[in-house]
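Below are some points on the model you sent, set out in the order in which I would read them with the structure open.

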Amino acid sequence: MNGAATNDTIAALASAVGQAGVAVVRVSGPDVPRIARCLIGRLPEARRAVLARFTDAAGQTIDQGVALYFAAPASFTGEHVLELQGHGSPVLVDELLARLVALGARLAGPGEFSQRAFLNDKLSLDQAEAIADAIAAGSRVSARAAIRSLEGAFAREIEALVEALIRLRVYTEAAIDFPDEDDVDFLGDGAIERRLAAITDDLAALRARAVQGAGFRDGLRLVILGRPNVGKSSLLNRLARRETAIVTEIAGTTRDVLHEQLSIDGLPLTLVDTAGLRETDDPVEAEGVRRARAEIAAADRVLLVIDDQAGLTLADRALLDEIPAEMGVTVVANKIDRSGAPAGAANIADRAGVRVAAIDGRGFDALAAHLKSLVGIEGDAEPAFVARRRHLAALDRAAAALAVGRERLVVDVAGDLLAEELRLAQAALGEITGQVSSDDLLGEIFSSFCIGK
């Protein structure tokens, strides 16, 4: 078991807040059978829906609806669970929750149902996170990836790596404990190094898939940067497929930072249109320039828009110099309808670039493909599962431990030091599924969930 079993009973609205045709209230814990008998007069047969009256302490009807009972451990949380499906009136829901609290339940905190499922070995930690990701999915692609994670796609790959590490640890420990067995040099015969290399390759491949999953979960925050009047706002409008930004021939039209949330082939994007960076005496425009610089610092990548007719000018190069060296830049050469250049991917000033015409949409398929490639997705491929930044960090720690372990084996021929690095790699992977976790980590993860999950 991942953690200590809980001994209280929780209740919460599991459907959306507000008026609706149906509202679902979920109750989980050891007191569910008693609460059911007090509330609806009986404990329903497990997994069989019954029509019931939900009554108050005086026997008066609060609401009428469907009751479903799931007996422990065959439930989502692994505890006794009662689901009450009533009318979607906030007034009736509040009255029903008040009745449940009076019967001994307490209102659940964010993610507490999923946390109990994790603690009772019903879900791995990454599967629990996938529930929140499925609820928050901003596109069909990210939703499907979250469901695959919920079904265990990511966890199975982690478990396979952990099993391989355990087998290698056993082999390494045997080499340490029995160095002269059958006169075979276990540490020097190459078998351990080959197995270590295979695990390292598998881990690298898994990380590449995790990067895709994280990209589709988190999306990209892109700042559109460029000199005044090169078509930044037109680019934003074309990507958003609506007139989000004002477009004129007057330099400095965009005074403030504009944000647009959209999805390209399932990839969530936050586009930030900025004021043209230039020296100005206009205090309003100057504030827009200041905000633009702040947005650049918080971005995943900058789309530097230039006028393809003029090419990369000295002013464009000055903008490039203002972008932090570690920040990725894509040069978007706009207005090919005037320059006559072909649309599509191009190398522009030794940087990744795309030539487009915002006025008629030429080159935007290539731009979409380029943006997807930034998160490791080529063509119509979809991520195998959803992943989070903490997963990537854990995979990186595991990879670093394996790299150090190989050095200890090959350079130092130190089996005991290799064994310790293998243990550290296994521990890092265990953080992803929750085999190794701290209370602080669990609190941070489940606090971001909906109350009813």
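Which residue just after H8 takes a positive phi? The points below begin there and then move on to the cores and to one buried acidic side chain.

1. The model is a predicted one, and in it Arg 241, which comes just after H8, takes a positive phi of about 60°. The helix before it, H8, spans residues 232-240 and is mostly covered, with 7 of its 9 residues buried.

2. The buried residues of H8 are Lys 232, Ser 233, Leu 235, Leu 236, Asn 237, Leu 239 and Ala 240, a list in which a lysine, a serine and an asparagine stand beside leucines and an alanine. What covers them includes the strands S7 (220-226), S8 (258-264), S9 (267-273), S10 (301-307) and S11 (328-334), together with helix H12 (364-373).

3. The largest nonpolar core has 31 residues, and those with the most contacts inside it are Ile 158, Leu 395, Leu 402 and Leu 429. Two or more residues of this core come from each of the helices H6 (153-177), H7 (191-218), H13 (389-410) and H14 (415-433), and H6 gives the most, with 9 residues.

4. Ile 158 shows how that core is put together at the level of single residues: once its neighbours within four places in sequence are left aside, Ile 158 is in contact with Leu 206, Leu 395, Leu 429, Ile 432 and Thr 433. A second, separate core has 26 residues and includes Phe 216, Leu 222, Leu 239 and Val 375; Leu 239 is also among the buried residues of H8.

5. How do H13 and H14 pack against each other, and at what angle? Their axes lie 8 Å apart at an angle of about 170°, and since angles over 145 degrees count as roughly antiparallel, the two helices are therefore roughly antiparallel to each other. Sorted by class, the contact of H13 with H14 has 15 nonpolar, 2 polar and 6 charged residues.

6. Asp 133 deserves a separate look. This aspartate is found in helix H4 (residues 125-136), and Asp 133 counts as buried because its relative accessible area is 8%, where the cut-off for buried is under 20%. Its side chain is joined to that of Arg 217 by a polar contact of 2.7 Å. Apart from neighbours within four places in sequence, Asp 133 is in contact with Ala 146, Arg 217, Val 386 and Arg 388, a set that includes two arginines.

Notes
Residues numbered from 1 in each chain as written. Predicted model: local features only at pLDDT ≥ 70, side-chain atom pairs only at ≥ 80, totals over all residues. Heavy atoms only, no water. Core = buried A, V, L, I, M, F, W, Y, C linked by side-chain atoms within 4.5 Å. Buried < 20%, exposed > 50% of the residue type's maximum accessible area, 1.4 Å probe, protein only. Helix = DSSP H or I, 4+ residues; strand = E, 2+ residues; numbered from the N terminus. Contact = heavy atoms within 4.5 Å. Polar contact = N/O pair within 3.5 Å; in protein donor to acceptor, adjacent residues only side chain to side chain. Axes fitted to C-alpha atoms, helices over the stretch in contact; angles between N-to-C directions. Parallel < 35°, antiparallel > 145°, perpendicular 65-115°, else oblique. Nonpolar A, V, L, I, M, F, W, Y, C, P; charged D, E, K, R; others polar.
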